[in-house]
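Reader: I would like to learn how to read side-chain features in a protein model. Could you take me through them one kind at a time, with the general idea before the case?

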Amino acid sequence: MEHGSGFPTKSSKNLMLGDEEYANSGWNLNVLPVLEGSVLCHINADISGMKVPWMYVGMCFATFCWHNEDHWSYSINYLHWGEPKTWYGVPGSKAALFEQAMGAAAPELFDAQPDLLHQLVTIMNPNILMKAGVPVYRTNQCAGEFVVTFPRAYHAGFNQGYNFAEAVNFCPSDWLSFGRICIDHYSHHHRFCVFSHDELICKMASDPDSLDLHLAAATYQDMLCMVETEMKLRKSLMEQGIVAAEREAFELLPDDERQCDKCKTTCFLSAVTCSCTTKLVCIKHAQCLCQCDLSKHCLRFRYTLDELPVMLHRLKCRAESFDNWTIKAKQCLDAVPGSKMDFYELKDLIKEAEEKRFPESDFLKKLVIALHEAEKCASVAQQLVSKKVCTRNRKSVEGKFAARVTLEDLEQFSNQVDKLTCEIHEANHVKELLKNVKQFQEQSSDAISDVSPNRKHLEKLVDTGISFNIDLPEIQSLTQKLQQVIWLDEVKTTLSEPNRVTTDVLKAFLESGINLPSHTFIESKMSELLDLQGQVERWEEKAKICLLAKPHHEMSTLEAIVTESQNILAYLPNTLALKDAMRKAKEWNTKVENVHNGEHFPYLVVLENLLSKGRTIPVRLDYLPQVESQVLSARSWREKTTRIFMKKNCSHSLTKILLPRTDIGLNLNSRVRKKKPKEFSEDVKESDTSEFKVDINQDPITIVNSFKLAEQKEVEAMRQFRLINLQKRDRKSVV
């Protein structure tokens with residue numbers, strides 16, 4: 001911008017914090033003339049004073065004369081700072097009366113200069129105008145305030161002191177009708193135009209989709225009038241004899257080269273030229289071009305008469321597109337089931353309104369709300385059908401979980417889907433889900449009332465109910481029923497295998513059974529388990545007492561207890577221990593009887609082993625005192641024999657001492673070995689020096705025979721040794 005502005009602009013340097021908001025604001029006078037919907041934004045040139053703001057520095061009593069804006073456009077004035085500015089205004093509807101009053105007050109001036117009011121040099125006391133019947137309004141504009149003037153409204157005023165203001169023109173869609181009249185007014189007073197009004201209309205018509213609806217409608221009305229007038233004037237020229245015609249791109253010519261020589265209007269749609277002159281005139285003043293015959297004149301045109309209706313039709317389609325859209329929107333909102341619009345059709349209808357920049361309306365708001373509701377319903381329906389948010393399973397039904405919709409909510413949701421403005425594809429899925437839920441409820445009711453339900457059928461129903469992802473009371477009832485059936489099946493299976501029925505198992509069944517919902521068959525089975533638990537505890541206690549009794553009970557008593565406990569179908573560890581003790585007792589008695597009934601006396605080791613085992617058996621053993629007596633007697637004999645044959649601290653055992661010796665004649669402990677006679681050595685070699693060993697596993701007869709044989713050998717060895725000693729003594733006596 002050459003001279004700057006009192007408002008911040010996008011091109012301003014060193015913008016302060018917050019200035020960007022004001023630089024883009026529609027109230028910024030640099031932005032207001034070219035806002036969307038403004039006619040001036042379709043003029044490429046920067047028209048100083050109209051599109052580009054002017055700044056005004058005022059001083060005390062500095063005045064601005066009576067005038068209205070170029071092309072009768074709107075104007076807006078902002079007082080940045082300083083003393084107030086006083087305004088006087090006359091409504092545009094009273095402009096003709098104002099002009100008459102001014103002419104009557106100074107007739108000589110207006111006779112000399114009919115366009116005097118266009119020169120901004122005339123000032124007149126408002127009281128004179130008011131006496132002539134002209135309504136005059138007054139206001140004081142203070143710093144920070146806007147003043148807006150309307151089309152053709154004459155205004156004047158003065159400054160009450162030093163101040164700084166800024167002003168610019170703007171043209172909304174309703175200005176077009178005033179602009180068309182203004183062109184005719186300018187033509188009548190031979191005033192130059194700032195821009196070509198027809199060119200502006202044609203430029204907007206060439207791109208109707210870029211116009212908002214209000215501007216398109218206003219442009220269509222103005223262009224319709226323009227085309228009708230143009231067609232009449234061209235037809236009149238043809239009737240007058242003008243036959244030559246050439247296309248001319250008037251927008252490429254400078255404004256001063258395409259101004260009517262008569263009325264000073266800037267030509268665009270058409271003009272008349274003649275070869276005798278470089279001047280041109282508008283089609284209205286073809287007679288004023290030159291003295292030549294009209295047949296020698298040439299019609300310069302921008303568009304043919306066939307092209308203009310096409311442009312007009314496109315503009316009409318754009319102007320009427322909102323009406324057509326409104327009809328479709330109304331049909332969509334008022335549609336009954338069976339004739340509703342599809343979801344994507346509704347979306348396209350809203351998209352059309354956005355792309356074509358239709359104005360805000362109740363229809364659009366309702367459609368947006370309807371689309372939003374349809375999207376929400378579609379999302380909820382998709383979640384219900386896809387079960388993506390399902391977090392429950394059969395084990396967590398009774399636990400805490402996220403809130404689920406109820407059947408009532410589902411029915412209300414189905415009704416809500418039916419009442420939507422449009423059809424959504426998920427609606428059928430919702431209806432199918434509702435149908436399946438009701439069918440599930442019927443099946444659940446039959447299963448719950450069944451006295452002997454099938455476990456697999458219940459599990460299938462529970463899984464089906466959970467898969468709906470809906471909070472149904474039947475799921476809880478079915479789950480409880482299933483828990484009861486599972487508990488009964490486990491109890492029956494366990495009771496059919498008595499070895500698994502322990503006190504801990506019975507206790508666990510009773511504890512889990514207490515937590516189950518009450519039912520007759522549950523209570524009956526609980527009573528049965530309680531009776532069985534009592535029997536098990538009583539018999540276990542009885543068996544435990546028998547096992548720990550001192551003195552031990554007789555075999556017959558224990559046999560009666562074990563026999564009676566067989567009627568209890570449960571695992572009785574103490575009773576089994578008692579039964580095992582009886583078995584061991586019988587085996588022990590059998591072994592004792594076999595020992596006592598044998599041909600030979602038993603070994604002490606055997607009796608001691610029997611005695612140690614018998615003492616651990618918790619049963620009264622009739623042979624136990626006898627075995628204890630025998631062992632005690634044997635041990636007493638062994639102690640006496642030890643005292644007789646063994647010395648203190650003897651390194652040999654009693655058995656070794658009592659066994660026959662095999663080393664007679666051998667002095668193994670001598671430190672110095674004397675040379676033995678040859679015959680003695682041979683005799684010794686011939687004697688059996690092998691040690692006698694006793695194996696308790698051998699036959700006692702064999703052991704006794706071996707022992708006697710060893711004794712005989714011992715006696716023979718002693719005799720032989722004595723004989724050798726006698727021979728030694730005889731040799732010494734001979735010597």
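Author: What follows is a conversation about aromatic pairs, salt bridges, a buried residue and a surface patch. Please keep in mind throughout that this is a predicted model.

Reader: Let me begin with the aromatic rings; how many aromatic pairs does a search of the whole structure find?

Author: A pair of aromatic rings is described by the distance of the centres and the angle of the planes. Searching the whole structure in that way gives 15 aromatic pairs. One of them is formed by W175 and F195, whose ring centres are 6.3 Å apart and whose planes stand at 55°, so this pair is tilted.

Reader: Where along the chain do the two partners W175 and F195 lie?

Author: This pair links distant parts of the chain, since W175 belongs to helix 5 (residues 175-188) while F195 sits in the loop between helix 5 and helix 6 (197-206), 20 residues apart. W175 counts as buried because its relative accessibility is 0%, and F195 counts as buried as well, at 6% relative accessibility.

Reader: And at what angle do the planes of F322 and W325 stand?

Author: The planes of F322 and W325 are at 15°, with the ring centres 6.0 Å apart, so that pair is stacked. Here both residues lie in helix 8 (residues 307-333), where they are 3 residues apart, or about one turn of the helix. Both F322 and W325 are buried.

Reader: Which residues form one aromatic cluster?

Author: The members of that cluster are F7, W27, Y78 and F146.

Reader: I would like to turn to charged side chains; what is the count of salt bridges?

Author: Side chains of opposite charge can pair when their charged atoms come close. The count for this model comes to 29 salt bridges. One of these joins the side chains of R302 and E251, with 2.9 Å from N to O. It links distant parts of the chain: R302 is in the loop between strand 12 (298-301) and helix 8, E251 is in the loop between strand 9 (244-247) and strand 10 (270-273), and their positions lie 51 residues apart in the numbering.

Reader: Are R302 and E251 buried or exposed?

Author: The two partners have to be read one by one. R302 counts as buried, because its relative accessibility of 16% is under the cut-off of 20%, whereas E251 is partly exposed, with a relative accessible area of 31%. R302 has an aromatic neighbour too, for it lies over the face of Y303, at 4.7 Å from the ring centre.

Reader: How many residues apart are K351 and E355, and in which helix do they lie?

Author: K351 and E355 both lie in helix 9 (residues 343-355), 4 residues apart, which is about one turn of the helix. Their side chains meet in a salt bridge with an N to O distance of 4.0 Å. K351 is partly exposed, having a relative accessible area of 46%, while E355 counts as exposed at 55% relative accessibility.

Reader: What is the N to O distance between the side chains of R583 and D580?

Author: That salt bridge spans 2.5 Å from N to O. Both R583 and D580 lie in helix 18, 3 residues apart, again about one turn of the helix. Each of them counts as partly exposed, R583 with a relative accessible area of 39% and D580 at 29% relative accessibility. Salt bridges that share partners then join D580, R583, K584 and E587 into one network.

Reader: Which residues does V592 touch, not counting those up to four places away in sequence?

Author: V592, which is placed in helix 18 (residues 573-596), touches L610, Y623 and V627 when those sequence neighbours are set aside. V592 counts as buried, because its relative accessibility is 0%. The C-alpha atoms of V592 and Q626 are separated by 9.7 Å, although the two residues are 34 residues apart along the chain.

Reader: Finally, which residues form a nonpolar patch on the surface?

Author: The patch is formed by W637, I644, F645 and L658, which together have about 460 Å² of accessible area. Helix 20 (residues 624-645) gives the most to this patch, with 3 residues. I644 lies in helix 20, and I644 is exposed, with a relative accessible area of 64%.

Terms used: Residues are numbered from 1 along each chain as its sequence is written. This is a predicted model: local features need pLDDT of at least 70, side-chain atom pairs count only at pLDDT 80 or more; totals for chains, interfaces and linings use all residues. Side-chain values use heavy atoms; hydrogens and water are left out. Patches are made of residues with over 30% relative accessible area and no salt bridge: like charges are joined within 9 Å, nonpolar side chains (Val, Leu, Ile, Met, Phe, Trp, Tyr) within 5 Å. Accessible areas come from the Shrake-Rupley method with a 1.4 Å probe; for residues, only the protein chains shown count as cover. Helices (H or I, at least four residues) and strands (E, at least two) are DSSP runs, numbered from the N terminus. Buried means under 20% relative accessible area, exposed over 50%, partly exposed in between (1.4 Å probe, protein chains only). Rings of Phe, Tyr and Trp (its six-membered ring) pair if their centres lie within 6.5 Å; planes under 30 degrees apart count as stacked, over 60 as edge-to-face and the rest as tilted. A charge sits over a ring if NZ of Lys or CZ of Arg is within 6 Å of the ring centre and within 35 degrees of the ring normal. Contact means heavy atoms within 4.5 Å.
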